[in-house]
Amino acid sequence: MYLWFNKLGSPPHFYRIAGKWLPWLSAVFALLLITGLYGGLVYAPTDYQQGESFRIIYIHVPAAWMSLFVYVVMAFCGVVIIVWRMKLAEVVLISSAPIGASFTFLALATGSLWGKPMWGTWWVWDARLTSELILLFLYLGVIGLHSAIDDKRIASRAVAILAIVGVVNIPIIHYSVEWWNSLHQGPTVTKFDKPSIDMRMLIPLLIMALSFQIYYVIALFQSSRAELLRRERNSKWVAELSGGN
Amino acid sequence: MNRLSLTQAFIFLLRRDLTLVFRNRGELANPLLFFILVITLFPLAIGAIPELLARIAPGIIWVAALLAAMLSLDSIFRSDFDDGSLEQLLLSAHPMPVLVLAKVCAHWLVTGLPLLIMAPVLAEMLGMASEAQGILLLTILIGTPVLSLIGAIGVALTIGLRKGGIILSLLVLPLYVPVLIFAASAIENAALGLDVSAQINMLLAFLFLALSLSPWATAAALKMSMS
């Protein structure tokens with residue numbers, strides 16, 4: 001197990017494995033995406049209250065889930081970096097940040113598009129919206145800090161500490177924002193209570209969630225491979241790869 | 001190293017930092033002036049309507065305190081970083097988190113405490129309800145150390161950068177959100193005559209959490225920045 005872990009951590013090995021997996025993952029992703037979209041946009045029944053516009057949840061909800069998931073992955077990588085100084089974890093952490101930020105932005109943007117017809121406004125200072133916005137700032141902080149430090153190995157350790165500090169804070173921020181809203185007795189229209197969802201609506205949602213997950217892995221593999229090449233450009237295996245010496 | 005010498009090291013470092021600041025009093029006054037100036041801008045910008053000002057006074061005072069704390073953060077480690085004494089601290093036999101805590105304490109005494117003293121005057125100028133003013137002071141007393149502690153992590157991460165200032169605000173301000181929320185809501189409840197123990201307890205919880213975790217994160221970040 002430890003050996004496998006070690007081997008996976010070696011950049012050339014990861015580069016090769018990730019390259020082999022990419023076409024397969026892309027195929028599965030395409031299949032799931034088409035099934036999920038068909039299920040969500042055509043097969044799922046129309047919501048009796050929200051009409052057709054509820055269908056945006058098939059993008060919105062998976063994106064929101066992924067925005068949290070990616071941050072947890074980053075914090076996990078942060079621990080690995082601090083404890084084992086594993087190069088691959090550094091690459092995964094920093095490659096994840098823009099992807100996570102994109103998911104967060106997508107969740108905010110689709111939520112806003114949905115909010116206009118449903119709530120009659122693009123934005124409300126609801127607890128969920130606010131904490132998602134703060135999550136976006138945390139992602140941007142990680143990206144900003146990494147790009148501000150020239151030495152990329154030091155930069156990786158800096159963002160590792162930041163990601164860990166952030167993950168301690170996310171639950172605190174989330175709950176304080178939630179309480180802040182309830183203490184103020186927010187407008188009732190923003191209440192987003194989960195109805196007991198129809199199975200025909202739920203299954204496409206889960207398929208979409210899975211396809212987003214796979215999309216994350218694909219995007220992560222691609223940008224990690226690029227980042228690895230950039231960082232290891234002076235090493236032997238990259239030279240061999242490009243046919244040089 | 002026995003226990004006594006660690007305490008002594010803590011006190012020496014605290015004293016040294018305070019002495020350094022008092023030899024250079026301009027630095028002492030700057031965050032406070034900034035705090036007062038920001039608050040002065042609000043009545044000018046939104047109009048001097050007494051009811052409106054009294055309503056938003058807790059928010060204004062806290063946002064101004066947040067910004068003042070953030071702008072003064074850089075001074076926690078800046079001069080020591082520039083003249084190399086931070087490296088000496090890292091090399092010392094004492095555990096770095098304790099030394100970090102001493103420096104953060106000194107920073108709070110220099111920047112947080114003046115805000116606490118000035119706040120009642122500003123609260124009165126904004127026409128805040130007198131029953132809320134005591135709670136305002138209490139939240140500043142509990143909240144500003146949290147700001148210094150969290151901010152120290154951010155400064156330690158960005159100390160080596162030439163243009164660290166903007167990055168620092170991006171890192172630190174999202175983490176300040178919980179303190180702001182609970183402080184403002186405590187004052188608001190107090191103005192309405194409601195119970196504020198829940199909010200005060202939460203702020204105390206943040207203080208103890210930050211007190212127990214932040215020095216370690218700061219020390220790790222400093223080691224990283226100095227490597």
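Helices here are DSSP runs of H or I with at least four residues, numbered from the N terminus. With that in hand, let us walk through this predicted model, starting at one residue in chain B.

Asn189(B) sits in helix 8 of chain B, which covers residues 164-191. Is Asn189(B) buried or exposed? Its relative accessible area is 16%, and since buried means under 20%, Asn189(B) counts as buried. Setting aside neighbours within four places in sequence, Asn189(B) is in contact with Leu194(B), Asp195(B), Val196(B) and Gln199(B).

From here we can turn to helix 9 of chain B, residues 197-226, and its meeting with helix 6 of chain B, residues 96-125. The two axes come within 8 Å and cross at roughly 105°. Angles of 65 to 115 degrees count as roughly perpendicular, and helix 6 and helix 9 of chain B are therefore described that way. Helix 6 of chain B brings Met96(B), Pro97(B), Val100(B) and Leu101(B) to the contact, while helix 9 of chain B offers Leu211(B), Pro215(B), Trp216(B), Thr218(B), Ala219(B) and Leu222(B). By character, nine of these contact residues are nonpolar, one is polar and none is charged.

Next comes helix 7 of chain B, residues 130-158. Its 29 residues should span 42 Å at 1.5 Å a residue, and the end C-alpha atoms lie 41 Å apart, which agrees. There is a bend along the way, though: helix 7 of chain B turns by about 25° at Gly143(B), with a proline, Pro145(B), following within four residues. How much of helix 7 of chain B is buried? The count is 23 of the 29 residues, so the helix is largely enclosed by the rest of the structure.

For another look at chain B, find Val63(B) in helix 3, residues 50-72. Val63(B) is partly exposed, with a relative accessible area of 32%. Its C-alpha atom is separated by 9.0 Å from that of Val38(B), although the two are 25 residues apart along the chain.

Finally, let us cross to chain A. Helix 3 of chain A, residues 57-84, has 28 residues and reaches 39 Å from its first C-alpha to its last, close to the 40 Å expected. What follows helix 3 of chain A? The next residue is Arg85(A), found in the loop between helix 3 and helix 4 (87-119) of chain A. Most residues other than glycine have a negative phi. Arg85(A), however, has a positive phi, near 50°, and is not a glycine.

Definitions and conventions
Residues are numbered from 1 along each chain as its sequence is written. Chains are lettered from A and ligands numbered from 1 in the order in which they are written. This is a predicted model: local features need pLDDT of at least 70, side-chain atom pairs count only at pLDDT 80 or more; totals for chains, interfaces and linings use all residues. Side-chain values use heavy atoms; hydrogens and water are left out. Helices (H or I, at least four residues) and strands (E, at least two) are DSSP runs, numbered from the N terminus. The expected span of a helix is 1.5 Å times one less than its number of residues. The bend at a residue is the angle between axes fitted to the seven residues ending there and the seven starting there. Buried means under 20% relative accessible area, exposed over 50%, partly exposed in between (1.4 Å probe, protein chains only). Axes are lines fitted to C-alpha atoms, for helices over the stretch in contact, and angles run from 0 to 180 degrees between N-to-C directions. Angles under 35 degrees count as roughly parallel, over 145 as roughly antiparallel, 65 to 115 as roughly perpendicular and the rest as oblique. Contact means heavy atoms within 4.5 Å. Ala, Val, Leu, Ile, Met, Phe, Trp, Tyr, Cys and Pro count as nonpolar, Asp, Glu, Lys and Arg as charged, and the others, Gly among them, as polar.
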